[in-house]
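Open your viewer and get ready to select residues by number. We will take the stops one by one, and each stop says what to pick and what to look for.

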Amino acid sequence: MSHTVRDKAKLLARVRRMKGQMEAVERALEAEAPCGDVLQQLASIRGALAGLTGEVVEGHLHEHVVHAEGDAERAAAADELAAVLRTYIR
C-alpha cells in the first residue's frame, strides 16, 4: 500500500486546512483587509504547502527509493522525484 493511501486521512486533513486558509485570503481580499494581513495569511499557506510537500517527498523517498523492491524500481522512483523537484524549484 502506498504511503499516500496509508496516510490519506492525515494528508487530506492538511489539504482541507490549506483550503480553509485560501478561503480566508479570499474573504480578506473581498473585505479589503490590510495588505499586511493578507501577506501573513499567504505566508502561512506557503509554509503549510511546504510542510505537506516535504511529508509526501519523505514518504516517497522511504517507500519507493530506500525500500524499493529492486534496483530498477529504485532508479525509476529516484528519476520521478528528480523530475518533480526540477519543476518545484523553478
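What follows is a walk through a predicted model, from helix packing to salt bridges and then to single residues.

**Stop 1: the helix H2 and helix H3 pair**

Start by colouring residues 8–30, which make up helix H2, and then residues 35–66, which make up helix H3. How far apart are the axes of H2 and H3, and at what angle do they pack? The axes lie 10 Å apart, and the angle is about 165°. The two helices are therefore roughly antiparallel to each other, since an angle over 145 degrees counts as such. If you turn the view to look through one helix at the other, the crossing of H2 and H3 is left-handed.

**Stop 2: helix H3 against helix H4**

Keep H3 on screen and add residues 71–89, which form helix H4. Here the axes of H3 and H4 come within 9 Å and cross at roughly 160°. That angle makes H3 roughly antiparallel to H4. The crossing of H3 past H4 is left-handed.

**Stop 3: the salt bridges**

Now switch on side chains. Side chains of opposite charge can pair when their charged atoms come close. How many salt bridges does the structure hold? There are four, and the next selections visit some of them.

Select Arg 6 and Glu 63. Their closest N and O atoms are 3.0 Å apart, and the two form a salt bridge. Arg 6 belongs to helix H1 (residues 3–6) and Glu 63 to helix H3, so this pair ties together parts that are 57 residues apart in sequence. Arg 6 has a relative accessible area of 49% and is partly exposed; the cut-off for exposed is over 50%.

Next, select Lys 10 and Glu 55. Their side chains meet in a salt bridge, at 3.0 Å from N to O. This one also links distant parts of the chain, with Lys 10 in helix H2 and Glu 55 in helix H3, 45 residues apart. Lys 10 counts as partly exposed, at 46% relative accessibility. Add Arg 14 to the selection: Lys 10, Arg 14 and Glu 55 are linked in a network of salt bridges.

For a bridge inside a single helix, select Asp 71 and Arg 74. The closest N and O atoms of this salt bridge are 3.1 Å apart. Why are Asp 71 and Arg 74 separated by about one helical turn? Because they are three residues apart in helix H4. Asp 71 is exposed, with a relative accessible area of 63%, whereas Arg 74 is partly exposed at 29%.

**Stop 4: a nonpolar patch on H4**

Stay with H4 and show the surface of Leu 85, Tyr 88 and Ile 89. These residues form a nonpolar surface patch, and together they have about 330 Å² of accessible area. Leu 85, which lies in helix H4, counts as partly exposed at 34% relative accessibility.

**Stop 5: the loop between H2 and H3**

Move to Glu 32, whose place is in the loop between H2 and H3. Most residues other than glycine have a negative phi. Which sign does the phi of Glu 32 have, positive or negative? Positive: the value is about 55°, although Glu 32 is not a glycine. The residue is also exposed, with a relative accessible area of 72%.

**Stop 6: three distances to draw**

Finish with your distance tool, set to C-alpha atoms.

- Lys 19 to Ile 45: 26 residues apart in sequence and 8.9 Å apart in space. Lys 19 is found in helix H2 and is exposed, with a relative accessible area of 54%.
- Leu 12 to Gln 40: 28 residues apart in sequence and 23 Å apart in space. Leu 12 is placed in helix H2 and counts as partly exposed at 31% relative accessibility.
- Val 65 to Glu 30: 35 residues apart in sequence and 45 Å apart in space. Val 65 sits in helix H3. Is Val 65 buried or exposed? At 16% relative accessibility, Val 65 counts as buried, the cut-off being under 20%.

Terms used: Residues are numbered from 1 along each chain as its sequence is written. This is a predicted model: local features need pLDDT of at least 70, side-chain atom pairs count only at pLDDT 80 or more; totals for chains, interfaces and linings use all residues. Side-chain values use heavy atoms; hydrogens and water are left out. Patches are made of residues with over 30% relative accessible area and no salt bridge: like charges are joined within 9 Å, nonpolar side chains (Val, Leu, Ile, Met, Phe, Trp, Tyr) within 5 Å. Accessible areas come from the Shrake-Rupley method with a 1.4 Å probe; for residues, only the protein chains shown count as cover. Helices (H or I, at least four residues) and strands (E, at least two) are DSSP runs, numbered from the N terminus. Buried means under 20% relative accessible area, exposed over 50%, partly exposed in between (1.4 Å probe, protein chains only). Axes are lines fitted to C-alpha atoms, for helices over the stretch in contact, and angles run from 0 to 180 degrees between N-to-C directions. Angles under 35 degrees count as roughly parallel, over 145 as roughly antiparallel, 65 to 115 as roughly perpendicular and the rest as oblique. A crossing is left-handed if the near helix is turned anticlockwise from the far one by less than a right angle, and right-handed if clockwise.
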